[in-house]
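Here's a quick tour of some strands and helices in this model. Keep the viewer open and follow along.

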Amino acid sequence: MFVANKNNQSVLAVDARRNSKYTCPGCGEAVILRHGQMRLSHFAHHAGSNCEVFSEGETKAHLEGKTQIFDWCRKNHLAVKLEAYLPELQQRPDILVNWNHHWTAIEFQCSPISLEKLSARTRGYYEHGYKVWWILGPTYLARKLTLEKISKFAYFQKSLNLFLSFYNPQTEQFIVKHHLTQDLFGKIKWADHAFSPSKTTFNELFHQTQRWTRENHYNANREAFELQRRLLGRYTDPRLAKAQRYCYMHHLNLAGCPWFVHGEDFDFPTGTMIPIEVKVRFLIRLMEAKRSQLFSYRMLFSWFENSTSEYKLQFPNISRSKFDVEMNFQHFLDDLLSNGIMQIEHEHYQIKKLPYWYNDLNQKLHFLPA
């Protein structure tokens, strides 16, 4: 740890003196000051200590990263504390900084953490009036971007949509993976933005002075062929096979799904059920309804939500309940309206025409939209 107490005052290890006595802010036990050429100056507990608040098992990347972020905050005249102990939470964020009139706990995460532990820690911060920003270290940056990682650490912001934050101590750069989406087959897509920290770059990033987008090379024809290949190829995608079985139960062929199913990616990953299955399950439910029936927004939303409820991801850093499902649903509902499947009647929705389902890919290609 980099901070200890002396006479009830916080002292940074770099400012500490060897002949003084210091105690741990968490447990109150005496700690040792350690200086060295190979490691950063820090405090350590005596052998056998049972302190549960301050751990000495930090990696070099973690130590370097949080000290660099702390130093940047100080140089920019921000009110900031390193390893500030919060007794009401019995937690100590890596950094506590006052940014835009709010105290924000910055957690520079380099080691694995369970979703349950992260959710509890995040919830604790918010309940006590703190914001929290999880920034991932180089160990996470070097690994594949997974649904689990997105679920734990992603945030949503208007100009960035769904995004993850990384910091690399070696290059002293932030890396933001923004506009995270999931395509029809479940593949995660995003855009990268790397920058050196400054007040200007952070304001551009988070205050919409610049609109960030992700290049979209979508091609419905190519996606339809890819769907056929994945269904009939030697190594069948089990998730598509599951969706195909559901279609067969209703005497339909997944490869013949309506063209508008090949629409925009989902703004939020759906979990283990891939977007194409969510879409076709909803469409089949709609096709089974009466043409004359009027639907409320809530009813249609519940159908969509039920398609993903068993498999949906949790987003502990997004406070609005069901925000992820609602965004995906609203975009798909817009597709239904713009393609003439649904129409609005007196603040309700009605089926205007049933979506056309083709027998196979060959028939579907004859009706390729312009």
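Two strands count as paired if DSSP finds at least two bridges between them. Helices (H or I, at least four residues) and strands (E, at least two) are DSSP runs, numbered from the N terminus. Keep in mind that this is a predicted model, where local features need pLDDT of at least 70, side-chain atom pairs count only at pLDDT 80 or more, and totals for chains, interfaces and linings use all residues. Residues are numbered from 1 along each chain as its sequence is written, and side-chain values use heavy atoms, with hydrogens and water left out.

Let's begin with strands 6, 7 and 8. Strand 7 runs antiparallel to strand 8, with 5 bridges joining the two, and W99 has H102 of strand 8 as its bridge partner. The two strands make a hairpin with 2 residues between them, and N100 in the turn has a positive phi of about 55 degrees. Strand 7 is also antiparallel to strand 6, this time over 3 bridges; there, L82 is partnered by I95 of strand 7.

Further along sits an open sheet of 3 strands in the order 14-16-15, with antiparallel pairing. Its edges are strand 14 (294-295) and strand 15 (342-345), each pairing on one side only. Strands 15 and 16 share 4 bridges, and Q343 is matched with Q350 in strand 16. Helix 10 (residues 323-338) lies across strands 15 and 16, at about 95 degrees to strand 15. For that angle, axes are lines fitted to C-alpha atoms, for helices over the stretch in contact, and angles run from 0 to 180 degrees between N-to-C directions.

Now for two helices. The expected span of a helix is 1.5 Å times one less than its number of residues.

| Helix | Number of residues | Expected span | C-alpha end to end |
|---|---|---|---|
| Helix 1 (60-75) | 16 residues | 22 Å | 22 Å |
| Helix 2 (115-127) | 13 residues | 18 Å | 18 Å |

Which residues of helix 2 are buried (under 20% relative accessible area, with exposed over 50% and partly exposed in between, 1.4 Å probe, protein chains only)? They are L115, L118, S119, R121, T122, G124 and Y125. These pack against strand 8 (102-109), strand 9 (131-136) and helix 4 (147-153), contact meaning heavy atoms within 4.5 Å. In helix 1, the buried residues include L63, I69, F70 and W72.

Both helices are followed by a residue with positive phi: H77 after helix 1, near 60 degrees, and G129 just after helix 2, about 90 degrees.
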